[in-house]
Amino acid sequence: MRTLPFWHGIRAGLIVAMSTTPFGLLFGAIAVDGGVSPLEATLMSGIIFGGASQLVGVQMFGSHVPAWLIVLSVFAVNFRHILYSAAMTPLVKDFGRLQKAAAFFFLTDPQFAEAAKRVDRVGKLETAWYFGAAFIIYVVWVGSSALGAMFGQLIGNPKAWAFDALLPIYFLGLVMGFRKRPLFGAVVPVSAAASIIGMHTVGSPWHVSIGAVAGIIAALMLHKPQSSAKDEGAKP
C-alpha cells in the first residue's frame with residue numbers, strides 16, 4: 001500500500017509526459033539543426049531539464065552572442081521557477097534534505113501544476129507521488145529529446161508542421177488547469193497584458209518574467225485573507 005501513491009504519481013505524470021513528447025522531439029530537432037550533436041542535445045535535456053530555456057540556449061549558441069548574455073537570457077526564462085520554488089516550499093516541508101534538492105531539480109511547469117492539483121485533491125503532497133510523477137516526466141522528456149535529435153531531420157521544417165505552436169498551446173493548457181482558483185479571471189489577464197507589452201517594449205525573453213511579476217502584484221493587491229472576512233463578520 002505504501003507504493004500506491006508512487007503509481008498514482010506515475011499515472012498523473014504519464015499524461016503530462018505524453019503531452020510534452022512533441023515538444024521534446026521539437027527541441028531535439030532544433031538543437032541538431034543549430035549545430036548541437038545528438039549526444040549533447042540529450043545531455044542538455046538530462047542536465048538542464050527545462051524545455052523553454054533549452055530552446056533559448058540552442059537558438060543563441062550559433063548566433064555569436066556572448067556567453068554571459070546567453071546565461072542571462074536563460075535566467076530570464078527560468079525566473080518563474082524561483083516563484084514555483086517559493087510556492088512549493090511549504091508543500092515539501094516533510095521531505096528530507098536530499099529529497100528537497102531532488103524535488104526542486106524536477107520542478108518544471110507541469111510538475112508544479114500537477115503537485116498543486118494533488119494538494120487540492122488530497123490535502124498534502126506525498127513524497128512517493130511527487131517522485132513518481134517526476135520520474136516518468138523526466139524519462140519521457142529525455143527520451144523524446146534523444147529521438148528528436150536522431151531523427152528530427154526527417155521531419156524537415158518544424159514550422160511547416162506547426163510544431164512552433166505547441167509551446168504556447170501547452171502553457172495555455174497549464175494555465176487553464178487553474179481556472180477554478182480564486183482571482184483567476186483577474187490575475188491572468190493582467191499577467192498576459194503585461195507580458196504582451198513587455199514583448200513589444202523590452203523584448204524576449206524578459207516578457208516572461210514581466211508577466212509573472214505583474215501577475216504576482218495583481219494577486220497581492222486583490223487578495224483578501226479569509227481571517228479578515230471572519231473578523232468583520234464577528235464585529236457587532
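What percentage of the 236 residues in the protein do buried residues make up? Buried residues account for 39% of the chain in this predicted model.

**Figure 1. Overall fold of the predicted model.** The protein contains 12 helices and zero strands. Along the sequence the pattern reads α-α-α-α-α-α-α-α-α-α-α-α. Among contacts with a separation of 6 or more, 71% join residues 24 or more positions apart. The exposed area is about 13,900 Å², and carbon and sulfur atoms supply 69% of it.

**Figure 2. The largest nonpolar core, with 37 residues.** The members that touch the most other members are Phe27, Met88, Phe95, Leu125, Trp129 and Tyr130. Two or more residues each come from α1 (4–33), α2 (38–47), α3 (51–61), α5 (80–88), α7 (109–122) and α8 (127–151). Helix α8 gives the largest share, 11 residues. Another core, of five residues, lies apart from this one; Val56, Met60, Ile70 and Val77 are among its members. In soluble globular proteins, nonpolar side chains tend to be buried together.

**Figure 3. Surroundings of phenylalanine 27.** Residues up to four places away in sequence are not counted here. Beyond them, phenylalanine 27 touches Ala41, Met44, Ser45, Gln54, Leu55, Val58, Trp141 and Ser145. Phenylalanine 27 has a relative accessible area of 0% and is therefore buried, the limit being under 20%.

**Figure 4. The stacked pair of phenylalanine 27 and tryptophan 141, one of 14 aromatic pairs in the structure.** The ring centres of phenylalanine 27 and tryptophan 141 are 6.4 Å apart, with 25° between the planes. Phenylalanine 27 belongs to helix α1 and tryptophan 141 to helix α8, so the pair ties together parts 114 residues apart in sequence. Tryptophan 141 counts as buried, at 5% relative accessibility.

**Figure 5. The edge-to-face pair of phenylalanine 106 and phenylalanine 131.** Centre to centre, the rings of phenylalanine 106 and phenylalanine 131 are 6.5 Å apart, and the angle between their planes is 80°. Phenylalanine 106 sits in the loop between α6 (97–105) and α7, whereas phenylalanine 131 is in helix α8; the pair therefore ties together parts 25 residues apart in sequence. Both phenylalanine 106 and phenylalanine 131 are buried. These two residues also belong to a cluster linked by ring pairs, made up of Phe49, Phe95, Phe105, Phe106, Tyr130, Phe131 and Tyr138.

**Figure 6. A nonpolar surface patch of about 670 Å².** The patch is made by Trp68, Leu72, Phe75, Ile82, Val202, Trp206 and Ile210. At least two of these residues come from each of α4 (67–78) and α11 (206–222). The largest share, three residues, is supplied by α4. From helix α11, tryptophan 206 is partly exposed at 31% relative accessibility.

**Figure 7. Surroundings of isoleucine 210 in helix α11.** Isoleucine 210 has a relative accessible area of 31% and counts as partly exposed. A patch residue needs over 30% relative accessible area, so the value of 31% places isoleucine 210 above that cut-off. With neighbours within four places in sequence left aside, isoleucine 210 is in contact with Ala194, Gly198 and Val202. Of these contacts, Val202 is also a member of the nonpolar patch. The C-alpha atoms of isoleucine 210 and phenylalanine 79 are 9.7 Å apart in space, while the two residues are 131 residues apart in sequence.

Technical notes. Residues are numbered from 1 along each chain as its sequence is written. This is a predicted model: local features need pLDDT of at least 70, side-chain atom pairs count only at pLDDT 80 or more; totals for chains, interfaces and linings use all residues. Side-chain values use heavy atoms; hydrogens and water are left out. Helices (H or I, at least four residues) and strands (E, at least two) are DSSP runs, numbered from the N terminus. Buried means under 20% relative accessible area, exposed over 50%, partly exposed in between (1.4 Å probe, protein chains only). Contact means heavy atoms within 4.5 Å. Accessible areas come from the Shrake-Rupley method with a 1.4 Å probe; for residues, only the protein chains shown count as cover. A nonpolar core is a set of buried Ala, Val, Leu, Ile, Met, Phe, Trp, Tyr and Cys residues joined through side-chain atoms within 4.5 Å. Patches are made of residues with over 30% relative accessible area and no salt bridge: like charges are joined within 9 Å, nonpolar side chains (Val, Leu, Ile, Met, Phe, Trp, Tyr) within 5 Å. A salt bridge is a side-chain nitrogen of Lys or Arg within 4 Å of a carboxyl oxygen of Asp or Glu. Rings of Phe, Tyr and Trp (its six-membered ring) pair if their centres lie within 6.5 Å; planes under 30 degrees apart count as stacked, over 60 as edge-to-face and the rest as tilted.
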